[in-house]
Amino acid sequence: MSEPQEQRSSLCDEGVLLIDLDAIGRNYDILCGKVGAVGRCAAVVKADAYGLGVRRVAPVLWKRGCRHFFVATLAEGVVLRQQLGPEAEIVVLTGVRPGTEQACLDAGVVPTIFTTAQLRAWADTLEKSGQQAHCALKIDTGMTRLGMGADEYDQLLTDRSLLEAAGVDLLMSHLACADEPAHPQNRLQLEAFREAAGRLRSLLPSVRLSLANSSGIFLDETYHFDLARPGSALYGINPVPGTPNPMAPVVTLELPVIQVRQVLRDCHVGYGATQTAAAGSWLAVARGGYADGVLRAQGGRGCAWACGRRLPMIGRVSMDSATYDISRLAPGEREALDHIQLLNTELTVDEVAEYAGTIGYEILTSLGRRYQRQYLETCD
Ligand SMILES: *Cc1c(COP(=O)(O)O)cnc(C)c1O
């Protein structure tokens, strides 16, 4: 459809966030290849597809054959159901709050359940409504976040009729350290999950198993089970930190340059006067500050990209702008500079996360509301 070049020329006032839907599709294919089949790879599209826009992202994944989707909340599930129609499996990761069981049922979403009390309430709702539906049971295998503890799970396994009445058909757990392949906790969680799964399957032989997030897929195939649940890797974040990224980059962020000037003597730059530009430096101020997700934590460390080069950020990030030292550009390049990039195929989400002392997930989900979002998608 539209080329990035054309889209660039439409850049006027606001920053432009260019999202490559084809790259998301290719990333889904790569992950399906790793797990061995399309049906075995779900897609996590919580938080508006990690900030990239579930309305545009979900249909792309659907076209590639994805039929299992994970969202964070019931509200996200309702929106996705309207979008994808009745066939998609939509699992809500953060559970079912008391009183919302019927709403889950009406939306046709699968709640993830962590407690016996939730399981009872879900079974009661199914019984009262006379409807058949499923739920996912999540157990804790070592992350100690969401999930049923071992004692409660032992107890639950003595109540086969409850498991059946609640329609448990997916057993899940979540890895805490999958992005550190050598971390001993991975093996421990795998063993705990296998053991717990074996016991559940002796009661419910058809229950499906799901453990791996993006990084979990890259540990090895023993982590894959029936359904992998990648999110970040779909959106271009490196699932194997410290080694070359197997995923295609997805986002380009372009910000308008709103002032360029040379400082004639040494000058402190920005709030707090934390950094100094040397006499003769050329500075560019670009629109886009911490209110837009240009994280303030990268002040003095971050960089931008223009004319094939990294340009250091100088001074603190302001709410609506940040300043960059563009002295290393040639005079002609400085004069023509009307935008800079903060994310692209060279300056990756993972690199920017490093500057801000965070992870790529937070960079993506912080991307501002003021940007003009443009989507790159070839017709097929
Ligand atoms: C967010 C989430 C995922 C996806 O994780 P990525 O690291 O983004 O691939 C998978 N499972 C659960 C339970 C999650 O909360």
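Helix H2 (residues 21-35) packs against helix H4 (residues 54-63) at an angle of about 45 degrees, and their axes lie 9 Å apart. H2 is therefore oblique to H4. The model is predicted. Its strands include an open sheet of seven, paired in the parallel sense, and helices H7 and H10 lie across some of these strands.

**Helices H2 and H4**

- The crossing of H2 over H4 is right-handed.
- On the H2 side, the contact is made by Leu 21, Ile 24, Gly 25 and Tyr 28.
- These residues meet Arg 56, Val 57, Val 60 and Leu 61 of H4.
- Sorted by class, the H2 contact with H4 holds six nonpolar residues, one polar residue and one charged residue.

**The sheet**

- The strand order is E2-E3-E4-E5-E6-E7-E8, and the sheet is open.
- Strands E2 (43-44) and E8 (208-210) are at the edges; each has a single partner strand, so one side of each has no neighbour in the sheet.
- Strand E7 (residues 168-172) pairs with E8 in the parallel sense through three bridges.
- Leu 171 has Leu 209 in E8 as its bridge partner.

**Helices across the sheet**

- Helix H7 (residues 116-129) lies across three strands: E5 (110-113), E6 (135-138) and E7.
- The angle of H7 to E5 is about 155 degrees.
- Helix H10 (residues 184-203) lies across E7 and the edge strand E8.
- H10 runs at about 170 degrees to E7.
- Strand E7 is thus crossed by H7 and by H10.

Notes:
Residues are numbered from 1 along each chain as its sequence is written. This is a predicted model: local features need pLDDT of at least 70, side-chain atom pairs count only at pLDDT 80 or more; totals for chains, interfaces and linings use all residues. Side-chain values use heavy atoms; hydrogens and water are left out. Two strands pair if DSSP finds at least two bridges between them. Helices (H or I, at least four residues) and strands (E, at least two) are DSSP runs, numbered from the N terminus. Contact means heavy atoms within 4.5 Å. Axes are lines fitted to C-alpha atoms, for helices over the stretch in contact, and angles run from 0 to 180 degrees between N-to-C directions. Angles under 35 degrees count as roughly parallel, over 145 as roughly antiparallel, 65 to 115 as roughly perpendicular and the rest as oblique. A crossing is left-handed if the near helix is turned anticlockwise from the far one by less than a right angle, and right-handed if clockwise. Ala, Val, Leu, Ile, Met, Phe, Trp, Tyr, Cys and Pro count as nonpolar, Asp, Glu, Lys and Arg as charged, and the others, Gly among them, as polar.
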